[in-house]
Amino acid sequence: MGDAYASVESIFDTFIQFSILIVELVGIAVLMWAIVRAVIGLFRKEERLRLELAEGIALSLEFKIGSELLRTVIVREWEELGILGAVILLRAALTFLIQWEIRNEKKNSIDQNKK
C-alpha cells in the first residue's frame, strides 16, 4: 500500500510540476508577445500602445498567478505556503493596479474621442 501511494504521489507531483511549467511558459509567451507588439506599435506611433501593453501584462500576470495557485497543491511546509501566499498577493495587487490603469486609460481615450 505504501509503495502504491508513493508512486501515485510521485506521478501527481510530476504532473503538477509539468502543469506549472506549461502555465508559466504561456504567461511568459503572452508577456513577450505584448512587448513585441508594443515595440512595433512604438515605431508605428499607434494610439492604443499603452493600453495594449497593459492588457498584455495583466494577462501574463493572471497566468503567473495561476501557476502559483497550482504550486500550492504540492507545498509541503507552512513556510513555503506563506511565501507562496505573499507572492500571490503581490501579483494580485499588481494585476489590480494594472487593471485600474487600463480602466483609466480606456476612460481617457473615450473622453478624448468625444472632444
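These notebook entries record what I looked up in one protein chain, which is a predicted model.

**Entry 1. The chain as a whole**

I began with the secondary structure and found three helices and zero strands in the chain. Read along the sequence, the pattern is α-α-α. I then looked up the radius of gyration, which is 19 Å, whereas the globule rule gives 13 Å for 115 residues. The value is well over the rule, so the chain is more spread out than a compact globule. I also noted the span of the C-alpha trace along its principal axes, about 75 × 25 × 20 Å.

What share of the 115 residues counts as buried? I found that 25% of them do. Next I turned to the contacts in the chain with a separation of 6 or more, and recorded that 70% of these are between residues 24 or more positions apart.

**Entry 2. Lys45, between two helices**

I next examined the loop between helix H1, residues 2-44, and helix H2, where Lys45 lies. Is Lys45 buried or exposed? Its relative accessible area is 71%, and exposed means over 50%, so I entered Lys45 as exposed. I also looked up its backbone angle phi, which is near 55°. I marked this as a positive value in a residue other than glycine.

**Entry 3. Asp13 in helix H1**

I moved to Asp13, which lies in helix H1. Its relative accessibility is 18%, and the cut-off for buried is under 20%, so Asp13 counts as buried. Which residues does Asp13 touch, not counting those up to four places away in sequence? I found Ile74 and Arg76.

**Entry 4. Ser60 in helix H2**

I located Ser60 in helix H2, which covers residues 49-71. Ser60 counts as buried because its relative accessibility is 6%, where the limit is under 20%. Leaving aside neighbours within four places in sequence, I listed Gly27, Val30 and Leu31 as the contacts of Ser60. I looked further at Gly27 and found its backbone oxygen 2.8 Å from a polar atom of the Ser60 side chain.

**Entry 5. Leu81 in helix H3**

I then found Leu81 in helix H3, which covers residues 78-114. With a relative accessibility of 33%, Leu81 lies between the 20% and 50% limits, so I recorded it as partly exposed. Leu81 is in contact with Thr72 and Val75, leaving aside neighbours within four places in sequence. I also checked Arg71, which is ten residues from Leu81 along the chain. The C-alpha atoms of Arg71 and Leu81 are separated by 9.1 Å.

**Entry 6. The largest pocket**

Finally, I looked up the largest pocket, which holds about 170 Å³ of space. I listed its lining residues as Glu47, Arg48, Leu49, Arg50, Leu51, Glu105, Asn108, Ser109, Gln112 and Asn113. H2 and H3 each supply at least two residues of this lining. Which helix gives the most to the lining? I entered H3, with five residues. By residue type, I sorted the lining into two nonpolar, four polar and four charged residues.

How values were computed:
Residues numbered from 1 in each chain as written. Predicted model: local features only at pLDDT ≥ 70, side-chain atom pairs only at ≥ 80, totals over all residues. Heavy atoms only, no water. Helix = DSSP H or I, 4+ residues; strand = E, 2+ residues; numbered from the N terminus. Buried < 20%, exposed > 50% of the residue type's maximum accessible area, 1.4 Å probe, protein only. Polar contact = N/O pair within 3.5 Å; in protein donor to acceptor, adjacent residues only side chain to side chain. Contact = heavy atoms within 4.5 Å. 1 Å grid on protein atoms, 1.4 Å probe; cavity = no way out; pocket = protein on both sides within 12 Å on 5 of 7 lines; lining within 4 Å. Points joined across faces, edges and corners; volume = space filled by probe spheres on them. Nonpolar A, V, L, I, M, F, W, Y, C, P; charged D, E, K, R; others polar. Rg over C-alpha atoms; globule rule 2.2 N^0.38 Å.
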